Amino acid sequence: MTESAQFVEPDRIEGAPHPREAARIIGQDAAVSGFLDAYRSGRLHHAWLLVGPRGVGKATLAWALAKFLLATPEDDGPGLFGDPAPAPDRIDIDPDHPVVRRIMAGSEPGLKLVRRGGAGANERDREKAWLEGRFSQDIRIHEIRELSRFAQLSATEGGRRVVIVDAADEMNTQAANGLLKLLEEPPARTMFFLISHQPSRLLPTIRSRCRELRLSPLGSEDMQEALGLVLGDDAEMSDALVALSAGSVGEAVRLANLGGVGSYAALVDLFAELPRINRAHALRLAEEAAARGGETKLDLLIGLIELFLARVAKTGAAGRPPMPEAAGGEAELLGRLAPDVRKAREWADLADALGARLRHGRAVNLDPAALILDTVFRIQHTAGR
């Protein structure tokens, strides 16, 4: 498969390179050290569950570890003068290494990637859908059957094998049960990396067969460095983008591409005089979300509304607004809406209720304009109590 910056893949954030292309890991030293400690001890688990918020580098780390394992001999043998070879203290592999070159070209026989496939009932339809960038909503059993064939072949060929599942949360029930069988009787010299944004969605039996490797949100300096690698040296990591992305490079890229900072500022402006609402402003917001081809805008707006409500609740619980501000005047607004813990609970309850309602509305294709207006008026009602 030919790679390019424009190639559509279900595990690539739009506007960013694929995780396999990352030059290095940023801000996840603890997770890297945890894996290397296990590697040096000679007690590498056969399955690792990489958990943490979406966009913090879980897939990037999985690909880096795959390169490390496939490029590092299983038995390093004696070093100079017969001494034991030094144990590696880094996972970085030279980009010119043959294994890395094959991985970048999609031709490494020791690596299997499991991800959502093309949307279709049969192999021919799935292949056509894949080329058109139309993907299924979940990882299905035929992707796991392909993995089983890979595992069987690896047993006869020797050498390490690596499997990356991105993301394990997206497996349907059949696929999850199929993967569980492989984890229960793992193929020899095969290591699994399961990427999970919400491990609670996984079968407990899958979680119990994996060793957890937890990744954390990035700090502002790491975010700036990572965003520069992803979007180029001209990328600007503003305070607002730091606040809205919550330490997730993936979310920062998405917000930067979609104008999320400006959209959040418009929300804050709409709510600036709560419980009073500028109805014309609310109608414009709803119409934008309902415009033809506006599904992405609607999803962005829903996410920003949920984030706004979470920041209101957090203000009341902590006794101060979160910093940095995500929009001009936000701190004063949040402090006024949630002056104490009692009000924080009200906003937290509203956030839960509206979040469920918004997700349900998207799932059953409720009218976007009506969905957004109803949400705005429920927020207005809570502010006026």
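Start by selecting helix H3, residues 98–105, where Val-99, Val-100 and Ile-103 are buried (buried means under 20% relative accessible area, exposed over 50%, partly exposed in between, with a 1.4 Å probe and protein chains only). Look down the axis of H3: its buried residues fall within an arc of 95°, so they line one face of the helix (the arc is that of the directions from the helix axis to the C-beta atoms). An α-helix has 3.6 residues a turn, so residues three or four places apart point the same way. Now add helix H2 (58–71) and strand S2 (111–114), because the buried residues of H3 pack against them; contact means heavy atoms within 4.5 Å. Just after H3 comes Gly-106, with a positive phi near 75°.

Before moving on, please note that this is a predicted model, in which local features need pLDDT of at least 70, side-chain atom pairs count only at pLDDT 80 or more, and totals for chains, interfaces and linings use all residues. Residues are numbered from 1 along each chain as its sequence is written, and side-chain values use heavy atoms, with hydrogens and water left out. Helices (H or I, at least four residues) and strands (E, at least two) are DSSP runs, numbered from the N terminus.

Next, go to Leu-182 in helix H6, residues 173–184. Leu-182 is buried, at 12% relative accessible area. Leaving aside residues up to four places away in sequence, Leu-182 touches Leu-147, Ser-148, Ala-151, Pro-187 and Phe-192. Try a distance between C-alpha atoms here: Leu-182 and Ala-151 are 8.6 Å apart, although 31 residues separate them along the chain.

Step into the loop between H6 and strand S4 (190–196) to find Arg-189. This residue is not a glycine, yet Arg-189 has a positive phi of about 55°. Its relative accessibility of 39% makes Arg-189 partly exposed.

Now select the loop between helix H11 (260–270) and helix H12 (279–290), where Arg-276 lies. Is Arg-276 buried or exposed? Arg-276 counts as exposed, at 58% relative accessibility. Pro-275 lies in this loop too, and a cis peptide bond with omega about 10° joins Leu-274 to Pro-275.

Your next stop is a pair of helices, H13 (residues 295–318) and H15 (residues 341–363), which pack at an angle of about 165° with their axes 7 Å apart. Axes are lines fitted to C-alpha atoms, for helices over the stretch in contact, and angles run from 0 to 180 degrees between N-to-C directions. H13 is therefore roughly antiparallel to H15 (angles under 35 degrees count as roughly parallel, over 145 as roughly antiparallel, 65 to 115 as roughly perpendicular and the rest as oblique). Among the residues making this contact are Leu-298 and Ile-302 of H13, with Trp-347 and Leu-354 of H15.

Bring H12 back beside H13: these two pack at an angle of about 130°, with their axes 7 Å apart. H12 and H13 are therefore oblique to each other. Their contact is made by Leu-285, Glu-288 and Ala-289 of H12 and Lys-297, Leu-298 and Leu-301 of H13.

Stay with H15 and pick Glu-346. Glu-346 counts as buried, at 18% relative accessibility. Beyond residues up to four places away in sequence, Glu-346 touches Thr-382 and Arg-385.

Finish at Asn-365, in the loop between H15 and helix H16 (368–383). Asn-365 is exposed, with a relative accessible area of 64%, and its phi is positive, near 60°.
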